[in-house]
Amino acid sequence: MHLIVWLKRNKFSLSLVLIPLAIVIAVIGGVSVFANPADGFAKTLYGKRLNLVQWEVSNFFDKWTYQTTNLFKAELNEKEQREKVAEFFRNIKLLNSRKSELDYLIARDSNQAMIFAVDSKISDLRMEIDKDMPFIEEFLESEVSQVLSVQEIIDELGPIHWPPVDFTFESNGLLLVISPRNKIFREKEYLLLPTLSKLEQIAIEDEIEKNYPDLSALVIRIGGVATYPAQVRLNSSLHTTLNLIAHEWLHHWLIFRPLGQKWFAGGELQAINETVANIFAEEIGDAAYESVTGEKIFRKPWTPTQSKEEMIQPGEFNFKREMRKTRIELDRLLADGLIEYSEKYLEERRKLFVEEGYNLRKLNNAWFAFHGSYGNSSASVSPIESQLRLIRFGSINLRDFLNLVKNISQDGQLQLIAEQFGWTENK
């Protein structure tokens with residue numbers, strides 16, 4: 001049972017909630033790589049970074065103030081709750097449509113009355129969405145928590161689920177990723193204010209690369225951040241939202257285990273963390289979606305990348321295949337020390353992707369350093385995804401899978417586990 005539901009039914013003191021949540025904030029916030037000083041980039045990033053301490057304090061009290069003030073309010077019945085959730089995501093979709101309509105009218109110098117009418121509808125929708133947001137957050141937290149409980153993954157200390165599923169909707173976060181020019185590695189990264197314009201983002205990248213010629217920089221929009229509560233982007237898709245909630249929660253769960261604590265080591269261990277979270281999020285997100293809507297998600301069985309590529313029709317442009325080709329060639333050029341040539345090659349490839357309809361603003365080492373951290377990404381050429389998928393396939397259930405990988409703390413350990421399940425270089 002989700003803790004908040006239990007509290008409402010049993011009129012329980014919030015003190016049992018505040019203490020463990022404060023601990024989670026201290027642990028996760030204290031080791032957060034994003035909280036590092038800006039090093040030599042202080043001048044460039046002044047006034048542009050997200051203040052995590054301020055954010056944590058503000059959101060912690062905002063969420064639990066809402067829980068306290070709504071503790072004894074009458075609850076909606078199950079049908080009403082699900083209708084409210086459906087309406088919330090319909091409103092987000094409609095909001096996005098209205099915003100596109102407004103951009104269209106402004107771009108074509110339409111009359112002010114038409115522009116004002118659409119802008120007024122946008123304001124009304126935003127007010128409706130903001131009003132319902134705390135309820136939606138609480139409802140989805142409860143649904144995901146229940147799925148985790150049924151699958152015996154979340155730890156239960158009496159009525160408390162540990163760590164509690166807790167997230168807040170935020171604008172798509174901005175992450176500055178910095179990699180060396182001579183290799184692909186997430187050397188440094190900083191959370192930026194989500195309100196920075198595209199021109200401001202580009203200016204940050206240009207200034208860093210100008211002042212530090214050995215570095216590659218890129219500002220990226222991200223779907224979620226494992227702060228506490230987790231930051232999840234406001235998305236018009238319920239299914240995607242549930243996947244993001246599950247993904248970020250697993251980072252909370254892993255931070256108390258060796259694998260999660262090694263996220264900050266970067267490289268292979270960081271990639272294992274992110275890929276495990278992706279696999280986990282698929283299953284928990286699918287189950288939570290079915291619980292909320294009654295609709296079952298059907299996924300095609302996973303097959304190795306090579307098998308997938310064999311299914312592609314000749315002459316068909318495939319983003320994942322072409323990006324993997326790009327990554328392989330980039331690795332070869334960097335290994336030969338051809339840094340400037342590799343950057344010219346990446347620009348040529350970027351233009352190719354743009355011609356095919358993929359609007360990549362920038363393609364550099366930082367792009368691959370970030371996206372390559374996810375084993376199932378087109379930017380990755382590591383065997384991590386196939387190793388983890390094979391282990392998951394051979395596991396009794398998702399809990400068994402997590403128990404097999406949660407103690408990984410050194411490079412090479414994943415391969416040893418995968419080999420016990422029959423993994424070879426060809427899989």
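This report describes a three-stranded sheet with the helix packed on it, and then a pair of helices, in a predicted model.

## Basis of the description

Residues are numbered from 1 along each chain as its sequence is written. Because the model is predicted, local features need pLDDT of at least 70 and side-chain atom pairs count only at pLDDT 80 or more, while totals for chains, interfaces and linings use all residues; side-chain values use heavy atoms, with hydrogens and water left out.

## The sheet and helix 7

Three strands form an open sheet in the order 5-4-6, with antiparallel pairing, where helices (H or I, at least four residues) and strands (E, at least two) are DSSP runs numbered from the N terminus, and two strands pair if DSSP finds at least two bridges between them. Strand 5 (188–192) and strand 6 (215–222) are the edge strands, each pairing on one side only. Neighbouring strands are turned by 20 degrees against each other on average, direction ignored; axes are lines fitted to C-alpha atoms, for helices over the stretch in contact, and angles run from 0 to 180 degrees between N-to-C directions.

Strand 4 (residues 173–180) is joined to the antiparallel strand 5 by five bridges, and Val-177 stands opposite Glu-189 in strand 5. Helix 7 (residues 198–211) packs on the sheet and touches strand 4, strand 5 and strand 6, contact meaning heavy atoms within 4.5 Å.

## Helices 10 and 15

Helix 10 (residues 267–293) and helix 15 (residues 384–394) pack at about 45 degrees, with their axes 10 Å apart. They are therefore oblique to each other, since angles under 35 degrees count as roughly parallel, over 145 as roughly antiparallel, 65 to 115 as roughly perpendicular and the rest as oblique.

Among the residues that meet are Ile-272 and Glu-283 in helix 10 and Leu-388 and Arg-392 in helix 15.
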